[in-house]
Amino acid sequence: MVSELSDQLLPFQLERSGLRGRLVRLGPVVDTILSRHDYPDQVARLVGEFVVLGASLAGGLKFAGSFSLQARGDGPVPLVLTDVTNDGDIRAYAEAKEGAADKDARLDQLMGAGYLAVTVDQSAVGGQTYQGIVELEGESLTDCMLTYFRRSEQVPTGMRVAVTRGEEGWRGGALVIQKLPETDPHAAEDAREDWQRTMLLLATLGEEELADPRLSEEQLLVRLFHEEGVRVFPRHDLAVGCRCSRRRIDKMLATFSAEDLDDMADETTNEIGVTCHWCNKTFTVDRDDFREP
Ligand SMILES: [Zn+2]
């Protein structure tokens, strides 16, 4: 039997350079999210890239709320959205129009022109919300994200992403390394060399390796960075988490007019079916529960 990837986020540090990184590997999580929808393969792969990159860019989940990636474009896939909470609950979905299946599996082909927004939303706990935006450009989500970090955050960033479908389902991985502002200006020359050497090593990481369930996270990191000294920090579990509930659906329906509710109700059963666009679950609600007194 083929083992599955661990659905975990592993933060690490390279001892020689002090650079920090995060490795995310998703098996059942990304497979569940993608299997709930009937996307063409290349759309599923793109959504999978959003999921693994979203989890790896969420800064070690050190916020209180949610971290999201949202892309909107004028192509056959006008929307891709993913978010992850600080508890590690991930959800994602995309809109795909007819014609998406005929496109190449490239970001620019599938989504066209538009933008990508990166948001940390801490409003639910009374905290700040931060958002950065970059134009959708490049052949892949990785290209687009690298442009984002260069322009918006000015944080040197290296990343590799893999999403593949094997016999046991979808799986994916992402490895992100970022160079946070240096604290010691005298070390700038060394730091530049450290960065270049680390990026060369990162570039040797193949997609098969990154999503290979036979390699543990530690094995993968040691194989890649054995001369750099790898120190791993405690892992975070990642899970599929939708936030839909009957209560939320009721609250949403309560905002519609009686006329709209009549239109939405099935003529025979008098029921309203509401499908959660994130997880594709359908809630069936009796129209009469919303009749004005
Ligand atoms: Zn849902």
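**Notebook: Gln122, the strand 4 sheet and two positive phi values**

I began at Gln122, which counts as partly exposed because 16 C-beta neighbours lie inside 10 Å; the classes I use are buried for 20 or more other C-beta atoms within 10 Å of a residue's own, exposed for 12 or fewer, and partly exposed in between, with C-beta atoms placed from the backbone. This is a predicted model, in which local features need pLDDT of at least 70 and side-chain atom pairs count only at pLDDT 80 or more, while totals for chains, interfaces and linings use all residues. I number residues from 1 along each chain as its sequence is written.

*Entry 1, around Gln122.* I located Gln122 in the loop between strand 6 and strand 7, where helices (H or I, at least four residues) and strands (E, at least two) are DSSP runs numbered from the N terminus. I then looked up what Gln122 touches, leaving out residues up to four places away in sequence, and found Phe63, Ala64, Gly65, Gly127, Gln128 and Thr129; a contact here is a pair of C-beta atoms, placed from the backbone, within 7 Å. I also noted that Gln122 and Ser66 are 56 residues apart in sequence but 6.6 Å apart in space, C-alpha to C-alpha.

*Entry 2, the sheet.* I traced an open sheet of 6 strands with mixed pairing and the order 7-6-3-4-5-12, counting two strands as paired if DSSP finds at least two bridges between them. Its edge strands are strand 7 (129–135) and strand 12 (239–240), each of which pairs on one side only. Helix 2 (residues 41–57) packs on this sheet, touching strand 3, strand 4 and strand 5, and its direction makes about 30° with that of strand 4; the axes are lines fitted to C-alpha atoms, for helices over the stretch in contact, and angles run from 0 to 180 degrees between N-to-C directions. I found helix 4 (residues 141–153) lying across strand 6 (114–121) and strand 7, running at about 120° to strand 7.

*Entry 3, strand 4.* I checked the cover of strand 4 (residues 79–85) and found 6 of its 7 residues buried. Strand 4 pairs in the antiparallel sense with strand 3 (residues 66–73) over 7 bridges, and with strand 5 (residues 89–95), also antiparallel, over 6 bridges. I followed Thr82 to both sides, where it is the bridge partner of Leu69 and stands opposite Ala92 in strand 5; Val80, in turn, stands opposite Ala94. Strand 3 and strand 4 form a hairpin with 5 residues between them, whereas the hairpin of strand 4 and strand 5 has 3 residues between the strands, and there Gly88 takes a positive phi near 90°.

*Entry 4, positive phi outside glycine.* I looked up Asp7, which is not a glycine yet has a positive phi of about 55°, and placed it in the segment before strand 1 (8–14). Asp7 counts as buried because it has 23 C-beta neighbours inside 10 Å. Asn270, likewise no glycine, has a positive phi of about 60° and lies in the loop between helix 9 (258–264) and strand 13 (271–275). Asn270 is exposed, since 11 other C-beta atoms lie within 10 Å.

*Entry 5, the whole chain.* I recorded 9 helices and 14 strands, and noted that buried residues make up 33% of the 293 residues. Among contacts between residues at least 6 apart in sequence, 63% join residues at least 24 apart. The C-alpha atoms fill a box of roughly 75 × 45 × 35 Å, taken along the principal axes.

Key
Contact = placed C-beta atoms within 7 Å.
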